[in-house]
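Visitor: I've got a new model on the screen and would like a quick tour. Could you walk me through it?

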Amino acid sequence: MRPLHNPAVQAVLAWMIATWLRFCFATIRWTRENEHLAEEVWAQGGGVLVAFWHCRGPISAASWPQDRATPSKALVSLSRDGQFMTRAIGHLGFPAIRGSSAKKGDGAGERGGAIAVREILRQLKVGGVALSPDGPRGPANQMGQGLPVMAKLSGAPVLMLGISCYPAFRLNTWDRNILPRPFGRGAIVWDRVDYPKGADPEQVALDWTARLNAVEARADAITGLT
């Protein structure tokens, strides 16, 4: 068994990661752009989809002030590594919705995905759902049709989140995942989109990929992250 798959090891590491993130979030000097777009959605209440690329997952919680933002859950894969992430984000105040990372044709994975879709749609009637539209397997920074379809079915607005910090650790993962260092610079950049009536989900995914890449690039430009 890989150490990270041991429940006891998971519990300790998840607590340590969450504690480290809270410390970094408190000491980073944050710059925020277009936060009024998020504030307007929070003030309206109801459902909202929050999208950020997979590599920014560990730092995404810094964007969501739980004292005034829409109560939200996070979509996390059904993998064993996903179980670790469920523990970590739970310490940060975000319950998980477990979804499937299996490829099409895996019956168990498709059933898990269908269950996740139903739970997402229920959650979007009352609150937010945070997700990485290129996760959990990539390719990095390329959006599939899942997010557009969820926006179409639910009618919920989508907040695009670009978030960055510098200096940061780059992990040796498929997406070069980022972990922050304390006392650095941080940036949170927002954009808002709604599903266009009558649009094709595949084309919407292409358009939204460009917009999500744009807010991430802007956040990186503010912090100096390369």
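Guide: Below we go through the cores, the strands, a pocket and a few backbone oddities.

Guide: Some ground rules: this is a predicted model, where local features need pLDDT of at least 70, side-chain atom pairs count only at pLDDT 80 or more, and totals for chains, interfaces and linings use all residues. Residues are numbered from 1 along each chain as its sequence is written, and side-chain values use heavy atoms, with hydrogens and water left out.

Visitor: Fine. How many residues are in the largest nonpolar core?

Guide: It has 33, and those with the most contacts inside it are Phe25, Trp30, Trp42, Trp64, Leu159, Ile163 and Trp190. A nonpolar core here is a set of buried Ala, Val, Leu, Ile, Met, Phe, Trp, Tyr and Cys residues joined through side-chain atoms within 4.5 Å. Buried means under 20% relative accessible area, exposed over 50%, and partly exposed in between, using a 1.4 Å probe and protein chains only.

Visitor: Which elements supply at least two residues each?

Guide: Those are α1 (7-27), α2 (35-44), β2 (48-51), β3 (72-77), β6 (158-170) and β7 (178-193). β6 gives the most, with 5 residues. Helices (H or I, at least four residues) and strands (E, at least two) are DSSP runs, numbered from the N terminus.

Visitor: And what lies apart from that core?

Guide: Another core, of 27 residues, with Ile120, Met143, Met160 and Ala187 among them.

Visitor: Back to Trp64. What does it touch?

Guide: Not counting residues up to four places away in sequence, Trp64 touches Trp42, Val48, Val50, Ala69, Thr70, Ser72, Phe94, Leu159 and Trp190. Contact means heavy atoms within 4.5 Å.

Visitor: Thr70 is on that list. Is Thr70 buried or exposed?

Guide: Buried, because its relative accessible area is 5%. Thr70 sits in the loop between α3 (57-60) and β3. Leaving aside neighbours within four places in sequence, its contacts are Val41, Trp42, Gly46, Val48, Trp64, Gly127 and Gly128.

Visitor: OK, Val41 then. Where does it lie?

Guide: In helix α2. Val41 counts as buried because its relative accessibility is 2%. Beyond four places in sequence, Val41 touches Val48, Thr70, Pro157, Leu159 and Arg192.

Visitor: Let's switch to strands. In what sense do β6 and β7 pair, parallel or antiparallel?

Guide: Antiparallel, over 12 bridges. Two strands pair if DSSP finds at least two bridges between them. Met160 stands opposite Asp191 in β7, and Cys165 has Gly186 in β7 as its bridge partner.

Visitor: What about β2 and β6?

Guide: They pair in the parallel sense over 3 bridges, and Val50 stands opposite Leu159 in β6. Strand β1 (residues 29-33) and β7 are also paired in the parallel sense, over 5 bridges, and there Arg29 stands opposite Arg185.

Visitor: Which residues does Ile188 contact?

Guide: Ile188 lies in strand β7. Leaving aside neighbours within four places in sequence, it is in contact with Trp30, Thr31, Arg32, Glu33, Ala62, Ser63, Leu161, Gly162 and Ile163. Ile188 is buried, with a relative accessible area of 1%.

Visitor: New topic, pockets. What volume does the second largest pocket have?

Guide: About 170 Å³. Of its 14 lining residues, the closest to the centre are Ala61, Ala62, Trp64, Pro65 and Gln66. On a 1 Å grid over the protein atoms alone, a pocket is an open set of points where a 1.4 Å probe fits, with protein on both sides within 12 Å along at least five of seven lines, and lining residues have an atom within 4 Å of a point. Grid points are joined across faces, edges and corners, and the volume is the space filled by probe spheres set on the points.

Visitor: Last thing, the backbone. Which residues does a cis peptide bond join?

Guide: One joins Gly138 and Pro139, with omega about 5 degrees, and one joins Tyr166 and Pro167, with omega about 0 degrees. Pro139 is in the loop between β5 (128-131) and α6 (146-154), while Pro167 is in strand β6.

Visitor: What is the phi of Asn141?

Guide: Positive, about 60 degrees, although Asn141 is not a glycine. Asn141 is found in the loop between β5 and α6, and counts as partly exposed because its relative accessibility is 23%. Phe183 also has a positive phi, near 60 degrees; Phe183 is in strand β7 and counts as exposed at 56% relative accessibility.
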